[in-house]
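Morning, everyone. I'll put the model up and then go through the helix, the cores, the domains and the ligands.

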Amino acid sequence: MKKILFIYYTGTYNTKYLVEKLADKLKNDFKISTINVFEKEKIDYFNYDLLCISYPIYAFNAPLLLEKFLKEADIQGKNYFILKNSGEPLHFNDASSYKISKIMEKKECTLRAEYHLLMPYNIIYHHHDNMVKQMLEYNEMYLQHIASNIINNSFTAPKFLFRYRFIAYLGKLQRLGAVVNSSLYKVDDKKCVKCLKCLEICPVNCIIIKNDKITFSGNCQMCMRCSMFCPTNAINIGFLNNWKVNGNYNFQKIIRDDNLDGNYLKNSSKRFYRYYHKYYDNLDILLNKKKHF
Ligand SMILES: Cc1cc2nc3c(=O)[nH]c(=O)nc-3n(C[C@H](O)[C@H](O)[C@H](O)COP(=O)(O)O)c2cc1C
Ligand code: SF4
Ligand code: SF4
């Protein structure tokens with residue numbers, strides 16, 4: 001049986017959710033392994049026939065830590081595909097994998113395909129539960145399509161257009177901003193119940209207790225895990241505090257909730273939502289699906 005290795009980065013677990021879903025759809029045809037880039041596990045890449053690199057888009061790019069991980073990884077001459085996700089379908093996100101493709105090119109690896117899925121925002125604003133249901137239902141169908149492509153070895157390599165590479169290049173400024181902004185993270189002592197959940201879940205262990213106070217040290221990746229999962233919304237995330245999304249999405253509950261019809265986008269959806277419309281229109285064509293809005 002051929003072997004696939006999923007290499008993934010996740011902040012608030014949306015990417016993990018997609019990786020697990022796709023892995024499940026492939027498990028009868030491939031032997032599956034997964035590695036989270038935050039875990040310092042030793043992997044013998046030689047054993048794998050195909051790699052999947054999976055990540056959330058950060059400011060039109062892949063997360064810095066994932067790029068670093070790939071640079072350092074002892075990978076050579078592999079085929080791989082990318083499974084990326086983001087909160088919005090804008091073309092600005094189109095060249096987010098360009099840097100990864102360059103890193104992997106140096107390792108004589110071939111990018112076979114890239115798939116971009118939408119998942120609820122973990123920053124900017126909380127997507128409506130019905131919109132989340134629509135996203136999850138589409139993702140289920142899209143992942144089935146992706147799994148069939150992989151099983152049938154049917155791939156189309158992506159192109160990274162110059163104009164979107166330029167946008168991605170500008171987006172890299174976010175990395176500098178992240179260093180400055182994360183030094184502004186603070187905990188509101190009046191709200192904090194000292195449950196220490198934030199310390200336990202920070203993937204880079206950069207939340208510490210100093211002089212009896214919860215403090216943020218360097219190396220924060222702005223993954224939003226601590227601020228999303230804090231039970232009392234006690235974490236202030238600096239300049240981006242107005243964009244904070246506190247309280248995680250309960251995917252299983254949303255899927256089971258019959259009061260949500262999963263048709264959040266309507267033909268009359270305006271402004272920003274027009275872009276989602278376009279994305280799902282294209283997906284309807286790809287999946288040969290009857291339009292449902
Ligand atoms: C620092 C940061 C920057 C982000 N930038 C973008 C972006 O440029 N475009 C976008 O569509 N979504 C953006 N998002 C949203 C995430 O890509 C999205 O919510 C993703 O599903 C989170 O995945 P995760 O839960 O695996 O971390 C950003 C999120 C964060 C935390
Ligand atoms: S998760 Fe929130 S409430 Fe719990 S210790 Fe951290 S800041 Fe305080
Ligand atoms: S401090 Fe919060 S946002 Fe920063 S890396 Fe840790 S969990 Fe993520």
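For a helix, the expected span is 1.5 Å times one less than its number of residues. Keep in mind that what you see is a predicted model. Helix H4 (129–151) has 23 residues, and from its first C-alpha to its last it reaches 32 Å, close to the 33 Å expected. After H4 comes Asn 153, with a positive phi near 55°.

Next, the cores. In soluble globular proteins, nonpolar side chains tend to be buried together. Here the largest nonpolar core holds 45 residues, and Leu 22, Cys 52 and Ile 53 touch the most other members. Several elements give two or more residues to this core, including strand S1 (3–8), strand S3 (50–56), helix H2 (64–72) and strand S5 (110–118). H4 gives the most, with 10 residues.

What does Leu 22 touch, leaving out residues up to four places away in sequence? The list is Leu 83, Leu 143, Ile 146 and Ala 147. Apart from the largest core lies another core, of 19 residues, and among them are Tyr 185, Val 187, Cys 202 and Ile 214.

Now the domains. The domain assignment gives domain 1 as 3–171 and domain 2 as 184–243. Taken over C-alpha atoms, the centres of the two domains are separated by 27 Å. Eight residues from domain 1 and nine residues from domain 2 make up the contact. On the side of domain 1 that touches domain 2, five residues are nonpolar, three are polar and none is charged.

That brings me to the ligands. Where does ligand 1 lie with respect to domain 1 and domain 2? Ligand 1 lies between them, because both domains give residues to the shell around it. That shell has 23 residues, the closest being Gly 11, Asn 14, Thr 15, Pro 56 and Ser 86. Helix H1 (14–26) and strand S4 (79–86) each supply at least two residues of the shell. By class, the shell around ligand 1 divides into 12 nonpolar residues, 10 polar and one charged.

Ligand 3 is surrounded by 13 residues. The closest to ligand 3 are four cysteines and an arginine: Cys 202, Cys 220, Cys 223, Cys 226 and Arg 225. Cys 202 also belongs to the core of 19 residues. The shell around ligand 3 has 10 nonpolar residues, two polar and one charged.

That's what I have; I'll take comments now.

Terms used: Residues numbered from 1 in each chain as written. Chains lettered and ligands numbered in written order. Predicted model: local features only at pLDDT ≥ 70, side-chain atom pairs only at ≥ 80, totals over all residues. Near = placed C-beta within 6 Å. Helix = DSSP H or I, 4+ residues; strand = E, 2+ residues; numbered from the N terminus. Nonpolar A, V, L, I, M, F, W, Y, C, P; charged D, E, K, R; others polar. Domains from an automatic or database assignment. Contact = placed C-beta atoms within 7 Å. Core = buried A, V, L, I, M, F, W, Y, C linked by C-beta atoms within 7 Å. Buried ≥ 20, exposed ≤ 12 C-beta atoms within 10 Å, placed from the backbone.
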